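Got the viewer open? Let's take a short walk, one selection at a time.

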Amino acid sequence: MRRPFSLALSLLALGLLTAAPVPAQPAPRAPAAPAETLRDPLFPGLGQAGLDVRHYDLHLTVSEPGTRAVRGVVTLTLASTRPLAQVRLDFLGPGVTAVRWNDRAVPFRVDERAAKLTVTPPAPLRPGTAARLTVEYAGTPGERADPDFPTPLLLGWQAVPAGDGRAGAIFLLSEPNGTHTFLPSNDHPSDKATFITRVTVPRGYVAAASGVEAGRVDAGGTSTFTFSQREPIPTYALGVFVDRFERVDGAAVPVGVGGRAVARRDYFPPGVPGTVREAFGRTDEALRVLAEWFGPYPFAAYGVAVVTPRLPALETATLSTLPLNMSTERVAVHELAHQWFGNAVTPAQWPDVWLSEGLAAYAELLWTEHLGGDGQAYAARWHANLTRAGTRPLAATRTGELFDLTTYQRGALTFHALRAEIGDAAFRDFLRAYVTRFSAGPGTVSTPAFLAFVRERAGAGAEGAVRRWVEERALPPLPVVR
Ligand code: TRP
Ligand code: ZN
């Protein structure tokens, strides 16, 4: 696949402002040894070792969609796997105005360069105990340049200015590390959490977020929408949207765990072309087809929110973010597949992201076959692309490799190789067992854990075949599935 978009124009249109300076608060006592990060090979500064955020209860107030201004109050439910004298969250966001630990004010410090908010609790957080950490903030979200996309895509909080008779809008585009531009968080995929997201907007606007809608309250000139994301998701997959959306509800599709209903809703901005709506006309069918291959759909709702700037699409949980320019059926199916691979089964570290992109791309091939198309020809095109462009072992060793051709197309061919090795029925069983196994517990998968699982389920021969695709520098020959 080519890099599917060009960003320069849209970024000018985003009208991003400079981050407001964050007032530094002197810490009252000397800090202990600096907390360890999660030591991600590609993002060594992210996260805090030993910290486990269970839940984010977030209230955002957007008074003027189209500007970047926002107010936030978030209460994190914290646990830990080791005693923590300080909690050190990723945060590049608006100015912090108050921090409370179990409802009592506590000292805090913002280090803008490190993008950390450090909080000192009255007593260390210990394993087996939980705490509630509340952060209030207001101002302008931080600016985080995407380390991967060469064009200057700013990750995280996105504001679309009003203009041409259009109202302003807000959405997020956070993968891999943009969520902490507006939310104090343990912003690493290994620490998944549940979310309640409340969004207050001026009356007439519609807010949406990951999860199922749990009510709307109109008061004064505002509306407050509440969403509950009850299954844990990685921080980068949180979706929040504000626009004068038209919400289109469909009948629930019974492909959830245990045959449960998956609520269906899509959000379209005013004046969206019919061709864009058409791209999402077969979502119910795609849910059924992918649930056949991957097992039950892992969340309580699915749909898309369409946004207008020219940007990449993103698999925001339960509600994928689809820019107009990416609104095709192929991309729609790709983002849907990420709900299983990415959101339910999440890369343990960033070099493991090929497991998400490879399977999301593979879903495009499965969909092609469902439509009566030639999946083997689809795979052959990927192979030709990689032969032409060159390739590498699958685990990314620098950020520029995270979302390159190898991640998507060699990643996908790795699953084609497994299918060629074991046959369709066993491949389907494998994918279903893989989702069951790695969506449980921490809900993450590493490349070595994946290889071990291939060996366990499909045997040493299959593992050897897959390992060539994962580890060798050279491109293995095209696998053939008949
Ligand atoms: N995960 C996205 C997809 O393929 C691609 C992506 C990676 C992205 N980083 C991003 C999208 C940053 C938006 C912003 O579906
Ligand atoms: Zn993808």
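**Stop one: helix 7**

Start at Asp404, where helix 7 begins: a side-chain oxygen of Asp404 comes to within 3.2 Å of the backbone nitrogen of Thr406. Before going on, note that this is a predicted model, with local features needing pLDDT of at least 70 and side-chain atom pairs counting only at pLDDT 80 or more, while totals for chains, interfaces and linings use all residues. Residues are numbered from 1 along each chain as its sequence is written, and side-chain values use heavy atoms, leaving out hydrogens and water.

Now select residues 405–422, which make up helix 7. Helices here are DSSP runs of H or I with at least four residues, and strands are E runs of at least two, numbered from the N terminus. Of the 18 residues in helix 7, 15 are buried (under 20% relative accessible area, 1.4 Å probe, protein chains only). Just past the helix, Gly423 has a positive phi of about 90 degrees.

**Stop two: helix 9**

Add residues 447–471, helix 9, which packs against helix 7 at an angle of about 125 degrees, with the axes 9 Å apart (axes are lines fitted to C-alpha atoms over the stretch in contact, and angles run from 0 to 180 degrees between N-to-C directions). Among the residues that meet here are Leu413 and Phe415 from helix 7 and Phe450 and Trp469 from helix 9 (contact means heavy atoms within 4.5 Å).

**Stop three: Thr118**

Jump to Thr118 in strand 7, residues 116–119. Is Thr118 buried or exposed? Its relative accessibility is 2%, so Thr118 counts as buried. Show the side chains of Thr118 and Arg88 to find their polar contact at 3.3 Å (a pair of N or O atoms within 3.5 Å; within protein, one must be able to donate a hydrogen and the other to accept it, and residues adjacent in sequence count only if both atoms are side-chain atoms).

Notes: Chains lettered and ligands numbered in written order. Expected span 1.5 Å × (residues − 1). Buried < 20%, exposed > 50% of the residue type's maximum accessible area, 1.4 Å probe, protein only.
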